[in-house]
Every structure is written in C-alpha cells, then in structure tokens.
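Dear colleague,

Please find below the structure that I am handing over to you, followed by an account of what was found in it.

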Amino acid sequence: MSRIHLQGLTRRFGGVTAVDDIWLDVADGEFLVLLGPSGCGKSTLLRMIAGLLAPTDGRVLLDEADITHLPARERDLAIVFQSYALYPHLSVARNIGFPLRARRWSRDEIQAKVAEVAAVLDLSELVARKPKELSGGQRQRVALARALVRDPGAFLMDEPLSNLDAKLRSSTRAEISGLHRRLGATVVYVTHDQVEAMTMATRIVLLDKGRLEQVGTPEEVYDRPESTFVAGFLGSPPMNLLTAEVVPDGDALRVRAADLDLPLGITADTPPRPVALGVRPEHLRLTTPDAAGIRGVVRTVENLGSEEVAHCVVGDERLCLRGARPLGLHAGDPVHLTAAPENLHLFDPGSGRRLA
Ligand code: ATP
C-alpha cells in the first residue's frame with residue numbers, strides 16, 4: 001500500500017478558497033478521515049487527490065512520485081463514491097470485474113479474482129444478480145468490491161455510507177473497518193458524520209472553511225480539542241462552551257452568571273482575561289447546592305433510550321448535561337453542576353484556540 005503526501009494543496013473557485021494550503025502525510029495502511037461541516041472542502045480535497053480536479057496550487061505525491069498532473073485513470077487509486085455508480089445492465093460479477101477487463105486481464109484471471117473479492121465481501125451468492133436486485137448495502141459492497149479488485153495503492157472514499165439507513169450504515173461501517181484491518185489498506189475517507197470518523201479512523205483531519213483545524217487520533221481530537229470549532233463539532237451534544245473569566249488574584253476561574261469559582265490550578269500571574277470554558281455534557285455532574293459548581297435551570301429533558309440529555313440555561317447561556325437514564329431532572333428544576341478539573345477546557349474567546 002502507498003503513502004500520500006499533500007504539500008500546500010490549494011483550490012480556489014473564483015473568489016472562494018475551497019481548500020487552503022493543506023499539508024498532510026497519509027501513512028501506509030492509515031485510515032485517514034476528512035471530517036467537517038458541509039462546504040468545508042472535504043470533497044474538493046479528495047477530488048484533487050483522486051485527480052478529478054486540478055489544484056490551484058500545491059502538489060500531491062503518491063509514495064515518492066509527484067502525481068499532481070497525472071490523469072485520474074493513471075493514478076494507482078480506487079475511488080468509492082456515495083452513489084454506487086454501478087452499471088445497471090451488468091451482473092454483479094461483471095461490475096466487479098469491470099476494471100480488470102479494462103486492463104485486459106484474461107477471462108480466467110478475472111473470474112478467479114472476482115470470486116476471491118466477492119468472497120471477502122460476502123457477495124458470492126449474489127454475483128449473478130443485477131444491481132437493481134440488490135439492497136443499498138449490497139450495492140455499496142459491490143462498489144467496494146469493484147474498488148478492491150484492482151489492488152490499488154490506496155482507497156479514496158467520499159461519503160460511501162450516506163445513502164444507507166442507520167442499521168446498514170452501522171454494519172457496513174464495521175465491514176469497511178474490518179476490511180481495512182485485514183488488507184492493511186491506505187484509506188482516505190470523507191464524511192461529515194462524526195460517528196463514522198470516531199469509529200473508523202486511525203487519524204481524523206478536521207477541516208473548517210478549507211483550512212486544517214486539527215489532526216489527531218479520535219481520542220486526541222475528542223479529549224483535547226485544539227479549538228472551539230473542534231470542541232463544538234465533536235460530541236453529541238457537542239462540548240458546552242461558557243463565557244468565563246480568570247479571576248485576577250488567584251487560582252480560580254469564575255463562570256460568569258454562575259456566581260462561582262472553580263479551582264483550576266491556573267497560576268496567579270495569569271492576567272485577568274475572558275476565556276471560553278469548555279466542558280462535555282457527559283462530564284458534568286450534579287452536586288449539592290452548597291458545593292462549588294455552576295447554577296442553572298433545566299429547560300427540557302430528552303430521552304435517548306439508555307441516556308438522557310438535560311438542556312439547561314445558565315444565566316443567558318445554554319448548557320447540556322448527559323447521563324444515564326433517569327437523570328431525575330424535570331423542566332424547571334434548579335441544577336447545581338460540577339466537573340473534575342481535568343475535564344475542563346479553556347479557549348481564547350477571540351481566536352478560539354486552546355489555552356489549557
Ligand atoms: P459537503 O459535505 O456538503 O459535500 P464539502 O466539505 O465536501 O461539503 P466541497 O464540496 O469540497 O465541501 O466544497 C467546498 C467549497 O467549495 C464550498 O464553498 C463549495 O460551494 C465550493 N465549491 C465546490 N465545488 C465548486 C465548483 N465546482 N464551483 C464553485 N465552487 C465550488
């Protein structure tokens with residue numbers, strides 16, 4: 001499998017910079033997920049790697065070779081899109097074998113390879129069918145098989161699961177992860193779905209407005225977001241962000257409108273400054289009214305099945321608390337919340353960058 005290097009990759013469309021100076025190395029066998037909201041530039045970045053779109057600036061290297069200007073069909077990369085793009089008049093077997101026919105493999109060689117790949121993806125029983133006789137999940141597996149059959153240097157996938165219903169998405173997700181582990185394949189995978197990113201990625205690349213916000217393992221980006229953008233994108237509900245300030249004389253952080261100091265181990269010479277205080281909904285705990293904490297009022301409680309989310313107001317700000325059901329909270333209840341210091345995150349309210 002191959003390594004991919006992106007060096008200052010940039011794409012402008014008129015006045016819009018869709019991808020802005022991306023530097024990134026994708027290691028051999030890595031499952032790299034490009035994650036971000038709609039319009040952040042994920043697909044544009046993937047299309048440039050695939051050779052379907054020319055960069056305005058920068059280079060793409062596959063192993064040591066500069067492939068920036070190589071046509072897509074000459075790149076040793078297989079692409080899987082959200083629309084399966086199967087040939088409707090061809091059987092599953094012929095769809096899977098299509099790239100090999102284009103490469104002029106012999107009939108016997110194609111048959112053997114198709115059988116092998118169909119077995120890997122649990123499609124052996126279905127090879128005689130036409131795409132319209134398959135479920136959405138089966139069609140996506142055929143599309144994966146067609147990518148796999150070429151033994152490419154790397155796989156590029158653009159939201160391959162987004163046409164599947166929730167249950168199929170989950171099983172196909174597990175299938176792609178398993179395939180990645182078995183093959184040791186290099187994968188670059190685009191999604192806006194954080195569950196897909198968290199469960200499949202070896203590393204996640206968070207993009208915002210064409211720029212790289214953070215790169216890290218799923219644990220790193222979730223546990224230590226480098227910006228309020230990342231903190232507010234990951235998690236369900238995402239991290240709470242409250243207006244706070246470091247008090248001038250000490251070791252404490254005062255949450256505005258909460259009338260409370262939280263010991264944070266901030267050094268005394270930290271100048272007084274406003275900060276954004278981040279705390280994940282699952283890290284908030286109810287505490288007794290006389291203990292240090294954040295005072296709020298419950299607005300609504302959502303039942304998620306095994307858990308509940310209480311939506312609260314703290315002064316003029318909102319905050320969510322998530323925990324095992326039942327939380328024992330109801331609309332109108334006063335709450336008094338606390339969190340362990342290691343679960344508190346501080347950000348610069350202007351730039352949004354992490355402070356501590
Ligand atoms: P989504 O999740 O909605 O697919 P994305 O993160 O993949 O979004 P891109 O499709 O890469 O985002 O688009 C990035 C930006 O570039 C957007 O502002 C989009 O409007 C713009 N853009 C993409 N393709 C073109 C094009 N062919 N012409 C003009 N602008 C484009």
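In the shell around the ligand, α1 supplies the largest share, with 3 residues. Please bear in mind throughout that this is a predicted model.

The ligand site

The residues surrounding the ligand are Phe13, Val16, Ala18, Gly36, Ser38, Gly39, Cys40, Gly41, Lys42, Ser43, Thr44 and His192. Two elements, β2 (16-26) and α1, each give two or more residues to this shell. Sorted by class, the shell holds 4 nonpolar, 7 polar and 1 charged residues.

Helix α1 itself spans residues 42-50 and is mostly covered, with 8 of its 9 residues buried. Those buried residues are Lys42, Ser43, Thr44, Leu45, Leu46, Arg47, Met48 and Ile49. Lys42, Ser43 and Thr44 also appear among the residues around the ligand. Just after the helix, Gly51 adopts a positive phi of about 90°.

The six-stranded sheet

One open sheet contains 6 strands in the order β6-β7-β8-β3-β9-β10, and its pairing is mixed. Its edges are formed by β6 (77-81) and β10 (211-216); each of these has a single partner strand, so one side of each is left without a neighbour in the sheet. From one strand to the next, the twist averages 15°.

Within this sheet, β3 (residues 31-35) pairs with β9 (residues 203-208) in the parallel sense, over 4 bridges. Val33 has Ile204 in β9 as its bridge partner.

Strand β8 (residues 187-191) includes Val187. Is this residue buried or exposed? Val187 counts as buried because it has 25 C-beta neighbours inside 10 Å, and the cut-off for a buried residue is 20 or more. Setting aside neighbours within four places in sequence, the contacts of Val187 are Phe31, Leu32, Ala154, Phe155, Met157 and His180. Two of these, Phe31 and Leu32, fall within the residue range of β3 (31-35), while Ala154, Phe155 and Met157 fall within that of β7 (154-158). As a long-range reference, the C-alpha atoms of Val187 and Asp290 are separated by 52 Å, the two residues being 103 places apart along the chain.

Helices α2 and α4

Helix α4 (residues 136-148) lies across β6 and β7 and runs at about 170° to β6. Two packed helices are described by the angle between their axes and the distance between the axes. For helix α2 (residues 92-102) and α4, the axes come within 7 Å and cross at roughly 30°. The crossing of α2 past α4 is right-handed. On the α2 side, Val92, Asn95, Ile96, Phe98 and Pro99 take part, and they meet Val142, Ala145 and Arg146 in α4. By class, this contact comprises 6 nonpolar, 1 polar and 1 charged residues.

The five-stranded sheet

A further open sheet has 5 strands in the order β15-β19-β16-β17-β18, with antiparallel pairing. Here β15 (285-286) and β18 (317-324) are at the edges, and each has a single partner strand, so one side of each is left without a neighbour in the sheet. Strand β17 (residues 307-314) is joined to β18 by 8 bridges, and the two run antiparallel. In this pairing, Val309 stands opposite Arg322 in β18.

With kind regards

Notes
Residues are numbered from 1 along each chain as its sequence is written. This is a predicted model: local features need pLDDT of at least 70, side-chain atom pairs count only at pLDDT 80 or more; totals for chains, interfaces and linings use all residues. A residue is buried if 20 or more other C-beta atoms lie within 10 Å of its own, exposed if 12 or fewer, and partly exposed in between; C-beta atoms are placed from the backbone. Two strands pair if DSSP finds at least two bridges between them. Axes are lines fitted to C-alpha atoms, for helices over the stretch in contact, and angles run from 0 to 180 degrees between N-to-C directions. Two residues are in contact if their C-beta atoms, placed from the backbone, lie within 7 Å. A residue is near a molecule or strand if its C-beta atom, placed from the backbone, lies within 6 Å of it. Ala, Val, Leu, Ile, Met, Phe, Trp, Tyr, Cys and Pro count as nonpolar, Asp, Glu, Lys and Arg as charged, and the others, Gly among them, as polar. A crossing is left-handed if the near helix is turned anticlockwise from the far one by less than a right angle, and right-handed if clockwise.
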